[in-house]
Amino acid sequence: MDSYPYSQGLVGRSREVAQLDRMLTAAHSGHPSIALIDGPPGSGKTALVNHFAASRTSLRVLRAAGVSWESGEPFGVAGQLARECGEEWDGGQAEPDAGPVGVGLRLLELWERAQEQGGLLIVVDDAHWADLDSLRAMRSAVRRMSNQRILIVLSAADDQYSRMTDPVKEFFDNCRRDAVHLGPLSPDEVKALAGRRSGTSLSSPAARHLHRHTRGNPLYLEQLLAELPPDTWQDWQPVLPAPARYSAEVLVRLNRCTATTRALVEACSVLAEKASTADAARLAGIDDPLPAVDEACATGLLSAAVEPGLVLLSFPHPLVRASVVGSLGLTGRRQLHHAAAQVVEDPVRRLMHRVAGASTADPALADELDHYASERATAGEWSSVADLLVRASRLSSARATRQERLLRAVDAMIGAGDIPQAVTFAGELESFPTGTLRAVVLGYLAIMRGRPAEADMFLSQAWQSCDAAQRPDLAARICQRRVLDALGRWHAPDLVMWARRALELVDPTDPSAVESKAIVGLGLAAMGRPAEAVAAYESAAASTIGSAQLQRFQLGRGWLDLALDAPEAARRELESAVPTVYRMGSTRISLWAQGWLARTQHAIGAWSEALETVERAAAHLAEVRIEMVRPLIHWTGAQIHALRGDWDSADRHLEAASVGMHHYEVMLLPACLARAQVAEAQGDYERVLEALAPVVGLPSRDGIDEPGFWPWQDIYANALVMTNQVAEADAFLLPHEKLAASRTHHATMARLGLARGRVAGALGNTDAARTHFEAALTHLARLPLPYDRARVNFAYGQTLRRAGKRREADTVLKNARDGYTALGALTYVERCNRELKAGGLRTAHDTPGGTRLTAQEEAVARLVSQGASNQEAATELFISVKTVQYHLTRIYSKLNLRSRSELAAQFRPTDDGDRPQTGRSGATRPPRP
């Protein structure tokens, strides 16, 4: 039986509980089934069932359990269930000729009596050891159920599947179609479990480390949290043992092996995660290792992967390895590592074995680690650099050297994007004496956490205290951090200035110079110098850029291409900048690349791909906590879900993207745009203006208003028109139109042309409006921007309809609807349908009571019945409030109604796309476009 107790409540199984709840509801509705809960031992199968049963007090629970030595006893489990009902009947022994069908019928009779007072939950633990006859009897009982309120739950360990007989396997295969599978807990759930289990507050890195060690198994987590002292989790990557009981079981198997096999297993425990048989055999002193490999695999101590000319050995679970390592003792472990340093061929692995075998400070070895870290830094492999420098720090004897190396290690952690791990060291760093490097590192951390005031304080201190002539490398690093700070503030002149200073201070191959060079093109483009920006990236592409550093240039070029109306080229560059595994690239750069890749995919209409990109990035972001990129990631998710009418998901991304005015501009801009675009999709233009008010109020404007980077201007101008602030929209548009024209930025000219067409239409100048909309469509003709094209057509059609050009409006609105349909923008498809209905080209419509309304009267009636105010209905239909009031007067007269509530009752939701939308709270939302 699964023994994980969930002593302080269930953690991380809400999805599985909901799945069981659905099965119970189905069973109570006349659709009985056998629910299978499977997962590895210790995954919490019994705990899940106990929690489920305890939270539904009206259920009566009957329990049975299989055991290995009774799995061949006919109807053994059935007998247990009968006795649970008070029946003095021992399964098939009382009715030897009944068979599974007869026993199933008898069980059903007993269960029907037992569930008279309420529902019945029948639980069979360790069902993988249940006898086949009992399983068949339960299946026969279920086949004959109709309106019984009964749910049968079987819990089984999936690692026992291979040991089952074929008929039992077939039975469980039939159950697996609707199985509840218990996977590992996530690192965040590990943190929650630790807090509930013993009040232990795990840092995110400690939770990840413990998660990897236990593979998220709740039983092993519980055991280790109970057995290890709380201060274990304060150390950096502590060497964790296996739980005592688990270790004892492994050592029993190890002690039964031959001496040769034991030596091989012990050798593997100190080698790489996947060790070659040749290395393991040399370390164990074995001439012919294959018999030992066979025995180790047969006992479950090792796993072998056979490749041409190579057999790789690994442990089936990290806890097996930890058990073997723990049995060696400190002396045995040190001796094996020293021996391994002489056996393995790779120089890095030899170095790491020497480190693992060191028990005291070793300055010479620390110097070697530092030297190798410097080589890896040149290639931008910051994760490796951080690991090497932490180890070098611990092996250093001089206090100042230890501190300097730890500072550099944390700096590399930030460069790798491991912000949670860097944060765990922040307190220790703040205790160090004030110095330039300390200020540089803490400033870097503040940037990644989205804290501009703190970053400015530390970086100003660093620059003032640094002697650039004596330490040009350190001065260049400060410049590079200033580049990132300027990027966060979206202040292009500062970005370019600090980048050029960094390039003047150090060799072009220095990491600070490479990173600065990779981003200077963005600064040039944001200053309105796109030709220089392109030339900078072309020059970089012509030079040789190694490994992980190439990722930075691909991100910069992809971001630039998107801003310069070349989304297909942007997609190629950004897709290349996303992977980090094989090139040891930066997680920080990868997340930025994914954020802009999602924007690119949105622009070209690949919305499903964009949402996949967002979800992958969001999951990674939850681990590394790089705040600076958070709003960018969630911006696209919020917008697409809103356009598709998934308001709960849109709200979830909006919440994740939210920031305050104290954050960086590069965080504020996507957060505000996300709020504005969701509000626009809801037809709430007052809220659009409210969402963009912080952007309007930003004091530094040049880079923010530069065409192509942050497309907010047309959204704001459109909202001004839709809220009857036409003069304000006219004045607002003029400088932006002039700038877009001077840059010949076609996408921006098209978007602003939409707003200008709205202005002309609102002023009654239909011919001018038509000219502006047609010009906008011309700008988009050669650009792969389907959403922008549909958006222009929709505004164009609305404007024509308001001007009375109904037949012409119909054609344009159908074009808009076709574009939105192809994208899956259901919110706007429905709005197009309403516009077409309101156009009046068709005959009047019958209301539910048979009275005929005109198309526009019906559109007003449906909107008002859904809770829209007169102003909201006017905005939605692009007509005046007085026109709405006029239509309502006629509607009330025709339908003999006296109030909005009576109108709402008359126009109940239908299947024609006009039903009200509800949000998370269940309240009706404003009318959707």
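Which residue just after helix 7 takes a positive phi? Select G199: its phi is about 70°. Keep in mind throughout that this is a predicted model.

**Helix 7**

Now step back into the helix itself, residues 187-198. Its 12 residues should span 16 Å at 1.5 Å a residue, and the end C-alpha atoms sit 17 Å apart, so expectation and model agree. Colour P187, V190, L193 and A194, which are the buried ones here. Look down the axis: these residues cover an arc of only 105°, which means they share the same side of helix 7. To see what lies over them, show helix 8 (204-214) and helix 9, which are among the elements covering the buried residues.

**T232, in a loop**

Follow the chain on to the loop between helix 9 (218-227) and helix 10 (244-256), and pick T232 there. Is T232 buried or exposed? T232 is buried, at a relative accessible area of 16%. Show P238 and L240 too: T232 is in contact with both, once its neighbours within four places in sequence are left aside.

**Two cysteines**

Next, select the cysteines. Don't go hunting for bridges, though: searching the whole structure turns up 0 disulfides. Start with C257, whose nearest cysteine sulfur belongs to C297 and is 11 Å away. A disulfide needs two cysteine sulfurs within 2.5 Å, so this pair does not count as one. C257 is buried, with 11% relative accessible area. Then jump to C466, where the nearest cysteine sulfur is that of C479, 8.5 Å off, and again there is no disulfide. C466 also counts as buried, at 15% relative accessibility.

**The largest nonpolar core**

Which residues have the most contacts inside the largest nonpolar core? Select W710 and Y820; the core they belong to has 159 residues. Add helix 32 (residues 665-681), which gives the most to this core, with 11 residues.

Now zoom in on W710 and show what it touches beyond four places in sequence. Three of its contacts are tryptophans, W490, W596 and W635. V666, L669, P670 and L673 touch W710 as well, and so do G703 and I704. Apart from this core lies another, of 35 residues; to find it, select A64, A141, A156 and M164, which are among its members.

**Helix 33**

Go to residues 685-696 for helix 33. The helix has 12 residues and reaches 16 Å from its first C-alpha to its last, close to the 16 Å expected at 1.5 Å a residue. Where do its buried residues fall, seen down the axis? Highlight Y685, V688, L689, A691, L692 and V695, the buried set. Their directions fall within an arc of 165°, so they line one face of helix 33.

**G753, the last stop**

Finish with G753, in helix 37 (residues 746-762). G753 is buried, with a relative accessible area of 10%. Which residues does G753 touch, not counting those up to four places away in sequence? Show H772 and A776, and you have them. Then draw a distance from G753 to K837: the two are 84 residues apart along the chain, and their C-alpha atoms are separated by 26 Å.

Key
Residues numbered from 1 in each chain as written. Predicted model: local features only at pLDDT ≥ 70, side-chain atom pairs only at ≥ 80, totals over all residues. Heavy atoms only, no water. Buried < 20%, exposed > 50% of the residue type's maximum accessible area, 1.4 Å probe, protein only. Core = buried A, V, L, I, M, F, W, Y, C linked by side-chain atoms within 4.5 Å. Helix = DSSP H or I, 4+ residues; strand = E, 2+ residues; numbered from the N terminus. Contact = heavy atoms within 4.5 Å. Expected span 1.5 Å × (residues − 1). Arc of directions from axis to C-beta.
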